[in-house]
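I opened the notebook to go through one chain, from the overall fold down to single residues. My entries follow the order in which I looked things up.

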Amino acid sequence: MHTESSQTIQCEQCLTVVALPALAHRQRAVCPNCGHTLLTYRRHQNDNVFALAFSALVFLALSLPFNFLSFRSSGIQHQIALPDSFITLFNEDYLSLAIITGAATVIFPGLVLLGMLVLSHCRHRDIHRPFVKHIFFWVKALLPWSMAEIFLVGTLVSLIKISSMADISIGLSFYAFIGFAICMTACIIQFDSNRFALWLFGEVPSPKPLTPAGASVSIQRTWALLITATLLYIPANLLPIMHTEMFGRDEPSTIIGGAITLWESGDYPVALIIIIASVFIPVAKIVVLAWLNLTVQRGLEKRARIRTRFYQIIEGVGRWSMIDVFVVAILVALVQLGNTFSIYPGPAALAFCAVVFVTMVAAMTFDTRLIWQNRK
């Protein structure tokens, strides 16, 4: 079904009111002012969301009970299922990290997929019950915190890091998790929250009016979160993110130290991934958000579209800094051979995880409408 040309939508990033055109297959409507995507159209979009969400949930269920990875060194073998990575962190007294990893990789993605499944079913049947609106809002809220694809990349990085030290075997659950991550990513691409909002409410709900008091609160909260992230980033880089114990000897490793070791050993792609995800992206996000917050605080009017584009980029890539945290979670769960060879989480793991989360909240707190309010 094509979008009626008489419908209008207000851009959530610059408040421009746009008349929606009739869209053809694989077309999208973008805001002419700031370039933000307003609506997309694909044939059988709702059916695709239902099929992909169902498939992803099946793959998720299959990724939990079976062998995920096996690790063999010095004649000793250790194998884990996916939930073991969270249980091991819990047993090592890293309850917060265990909860965060489990929630971001299994619980939140599962809830998001279940919500999309219900929404697509209700839309197909044209069911407008009050609970459908609640499901719609919590799906939107949980989407940024669902990181299954990032966990998959982190797992691959961890396997490369230890492949020279031992024999690694991949279990059935690992292949199921790959299917889960692919289907979920495809489902998110197909899912258009504004199109579901048009079906649910007859329009896309307009954001709350931007008042001077609300603008001041947004600026102050963003500054507070950025200062917190900066302070947390210091111990996240100075303290060890994990400890490697080999034959009773403890070898602590920091984020940058681990990247340097990978580079020296010739694993250049993996070293670059760690440097970009764990060093460049967090620093760039803090610097860019600080710059944006300063420009709106001073009422800068120029280059509004460029500043909005910078915001969109850092908001999109910020979650990928979690790769290093997931690498630690997998290695801690997999490499447990007693005094012979074991890996334990370091204090920097939780600090760095907090940096990622605080910067994500800072990006959510920053109101992009402030970029446009002073533009003539």
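**Entry 1: the whole chain**

How many helices and strands does the secondary structure of the chain come to? I noted 14 helices and ten strands. The model is predicted, and I kept that in mind throughout.

I turned to compactness next. The radius of gyration is 23 Å, and the globule rule gives 21 Å for 376 residues. The two values are close, so the chain is as compact as a globular protein of that length. I also took the spans of the C-alpha trace along its principal axes, which are about 70 × 50 × 35 Å.

Then I looked at burial and contacts. Of the 376 residues, 49% are buried. Among contacts with a separation of 6 or more, 73% join residues 24 or more positions apart.

The surface came next. The accessible surface is about 17500 Å². Carbon and sulfur atoms hold 63% of that surface. I checked the charges as well: there are 26 positive and 20 negative ones. Their mean positions lie 15 Å apart.

**Entry 2: the core**

Which residues have the most contacts inside the largest nonpolar core? I found Met116 and Met322, in a core of 116 residues. In soluble globular proteins, nonpolar side chains tend to be buried together.

I followed Met322 outward, setting aside neighbours within four places in sequence. Met322 is in contact with Ile100, Met147 and Ile150. Cys353, Val356 and Phe357 are also in contact with Met322.

**Entry 3: three buried helix residues**

I began with Gln45, in helix 1, which covers residues 45-63. Is Gln45 buried or exposed? Its relative accessibility is 6%, so I counted Gln45 as buried; the cut-off for buried is under 20%. Beyond four places in sequence, Gln45 touches Thr40, Gln190, Asp192 and Arg195.

I went on to Lys161, in helix 5 (residues 148-162). Lys161 has 16% relative accessibility and therefore counts as buried. Which residues does Lys161 touch, not counting those up to four places away in sequence? I listed Met242, Leu262, Val270 and Val327. Val327 is 166 residues from Lys161 along the chain, yet their C-alpha atoms are separated by 9.2 Å.

Phe174 was my third stop, in helix 6 (residues 172-190). At 3% relative accessibility, Phe174 counts as buried. Leaving out neighbours within four places, I found Phe174 in contact with Asn67, Phe68 and Leu69. Leu152, Thr155 and Leu156 are also in contact with Phe174. I took one C-alpha distance here: Ala81, 93 residues away along the chain, is separated from Phe174 by 8.9 Å.

**Entry 4: two positive phi angles**

Most residues other than glycine have a negative phi. I looked up two that do not follow this.

Where is Asp126 found? It sits in the loop between helix 3 (95-125) and helix 4 (130-142). Phi of Asp126 is near 55 degrees, a positive value in a residue other than glycine. With a relative accessibility of 48%, Asp126 counts as partly exposed.

Arg303 also has a positive phi, about 55 degrees, and is not a glycine. I placed Arg303 in the loop between helix 10 (268-297) and helix 11 (304-317). Is Arg303 buried or exposed? Its relative accessibility is 63%, so Arg303 counts as exposed; exposed here means over 50%.

**Entry 5: two partly exposed residues**

I looked at Leu15, in the loop between strand 1 (8-10) and strand 2 (17-19). Leu15 is partly exposed, with a relative accessible area of 30%. Which residues does Leu15 touch beyond four places in sequence? I noted Gln10, Pro207 and Arg369. I also checked Asp367, which is 352 residues from Leu15 in sequence. The pair is 11 Å apart in space, C-alpha to C-alpha.

Met246 closed the list. I found Met246 in strand 8 (residues 242-246). At 27% relative accessibility, Met246 counts as partly exposed. Met246 and Ile313 are 67 residues apart along the chain. Their C-alpha atoms are separated by 41 Å.

Notes:
Residues are numbered from 1 along each chain as its sequence is written. This is a predicted model: local features need pLDDT of at least 70, side-chain atom pairs count only at pLDDT 80 or more; totals for chains, interfaces and linings use all residues. Side-chain values use heavy atoms; hydrogens and water are left out. Helices (H or I, at least four residues) and strands (E, at least two) are DSSP runs, numbered from the N terminus. The radius of gyration is taken over C-alpha atoms; the globule rule is 2.2 Å times the number of residues to the power 0.38. Buried means under 20% relative accessible area, exposed over 50%, partly exposed in between (1.4 Å probe, protein chains only). Contact means heavy atoms within 4.5 Å. Accessible areas come from the Shrake-Rupley method with a 1.4 Å probe; for residues, only the protein chains shown count as cover. Lys and Arg count as positive and Asp and Glu as negative; His and the chain ends are not counted. The place of a charge is taken as NZ of Lys, CZ of Arg, CG of Asp or CD of Glu. A nonpolar core is a set of buried Ala, Val, Leu, Ile, Met, Phe, Trp, Tyr and Cys residues joined through side-chain atoms within 4.5 Å.
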